[in-house]
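The exercises that follow are meant to be worked with the sequence and the coordinates side by side. Try each task before reading its solution.

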Amino acid sequence: MAGVILALDIGAKRIGVATSDELGMLAAPRTVIVRRSTQTALDEIVRLVQAEEAILVVVGLPISFDGQLHSQAQTVQRFAERLRKLLDTLGVPLVYADETLSTVRAEERLRAAGVRRERMRERIDAMAAAVILEEYLEQQRRGAPQAGNPAERPITGREIEEDERR
């Protein structure tokens with residue numbers, strides 16, 4: 001399956017975006033979307049998916065060390081399920097990937113690359129998305145299933161409606 005894959009590191013204020021190459025071998029930080037509103041962020045992601053002609057969107061899900069989806073993960077999942085509805089109209093699937101420690105690894109990479117602390121904040125989210133995408137691509141190459149993905153718990157319509165009111 002050749003084509004660009006888009007990955008997201010979803011936060012309350014910023015969403016990091018990374019893209020793969022067409023062969024799904026490399027991942028690179030792409031941009032950071034500043035979340036002014038949920039709908040604006042969703043629209044921007046859809047625009048990027050179309051511009052990149054992405055064939056898949058990978059959403060990093062913060063699964064806790066106990067394997068549970070706590071409040072941050074549930075918030076990410078509600079956002080992602082709203083995004084899934086928009087992507088369905090484009091025929092682009094959305095999958096979850098465990099993002100545990102992706103921000104820590106992103107910060108380590110940026111430091112190793114000589115990025116100064118004052119510049120770190122504007123780059124870390126996109127780099128974290130690249131880490132998520134690299135790990136996803138590696139799992140796909142190995143043929144390994146997503147390890148115990150509790151993200152498959154369906155989100156209820158009530159949860160989505162509550163999130164839309166926020």
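Two strands are taken to pair if DSSP finds at least two bridges between them, and helices (H or I, at least four residues) and strands (E, at least two) are DSSP runs numbered from the N terminus. The model is predicted, so that local features need pLDDT of at least 70 and side-chain atom pairs count only at pLDDT 80 or more, while totals for chains, interfaces and linings use all residues. Residues are numbered from 1 along each chain as its sequence is written, and side-chain values use heavy atoms, with hydrogens and water left out.

**Exercise 1. Establish the order of the strands and the partners of β4.**

Begin with the inventory: the protein chain has 5 helices and 5 strands, and along the sequence these follow the pattern β-β-β-α-β-α-β-α-α-α.

Next, place the strands in space. The 5 strands form an open sheet with mixed pairing, in the order β3-β2-β1-β4-β5. Its edge strands are β3 (27-34) and β5, each of which pairs on one side only, and the twist from one strand to the next averages 25 degrees. Angles here run from 0 to 180 degrees between N-to-C directions, the axes being lines fitted to C-alpha atoms, for helices over the stretch in contact.

Then take the pairings of β4 one at a time. With β1, β4 pairs in the parallel sense over 4 bridges, and within β4 the bridge partner of Leu8 is Val59. With β5, the sense is again parallel, over 5 bridges; in β5 the bridge partner of Val58 is Val95, and that of Val59 is Tyr96.

Finally, add the helix that covers part of the sheet: α1 lies across β1, β2, β3 and β4, and runs at about 150 degrees to β3.

**Exercise 2. Decide how many of the residues of β4 are buried, and what that says about the strand.**

The cut-offs come first: buried means under 20% relative accessible area, exposed over 50%, and partly exposed in between (1.4 Å probe, protein chains only).

Applied to β4, this gives 6 of the 6 residues as buried, so the strand is largely enclosed by the rest of the structure. Leu56, Val58 and Gly60 point one way from β4, whereas Val57, Val59 and Leu61 point the other way, and all are buried.

Gly60 may serve as a single case, since its relative accessibility of 0% counts as buried. Leaving aside neighbours within four places in sequence, Gly60 is in contact (heavy atoms within 4.5 Å) with Leu8, Val76, Ala97, Glu99 and Ile132. One of these partners, Glu99, lies in the loop between β5 and α3 (102-112), and counts as buried because its relative accessibility is 10%.

**Exercise 3. Find which residues are the most connected members of the largest nonpolar core, and which elements supply that core.**

A nonpolar core is a set of buried Ala, Val, Leu, Ile, Met, Phe, Trp, Tyr and Cys residues joined through side-chain atoms within 4.5 Å.

The largest such core has 26 residues, of which Leu6, Leu8, Ile45, Val57, Val59 and Leu83 touch the most other members. At least two of its residues come from each of β1 (5-10), β2 (14-20), α1 (38-52), β4 (56-61), α2 (71-88) and β5 (94-98). A second, separate core of 14 residues includes Val58, Ile132, Leu133 and Leu137.

**Exercise 4. Locate salt bridges within helices and state how exposed their partners are.**

A salt bridge is a side-chain nitrogen of Lys or Arg within 4 Å of a carboxyl oxygen of Asp or Glu, and by this rule the count comes to 6.

In α1, Glu44 forms one with Arg47, the closest N and O atoms being 2.7 Å apart; because the two are 3 residues apart in the helix, they are separated by about one helical turn. Glu44, at 27% relative accessibility, counts as partly exposed, and so does Arg47 at 43%.

In α2, the partners are Arg84 and Glu81, with closest N and O atoms 3.0 Å apart. Here Arg84 is partly exposed, with a relative accessible area of 22%, whereas Glu81, at 15%, counts as buried.

In α4 (residues 117-142), Glu138 and Arg141 are likewise 3 residues apart, about one helical turn, and salt bridges that share partners join Glu138, Arg141 and Arg142 into one network.
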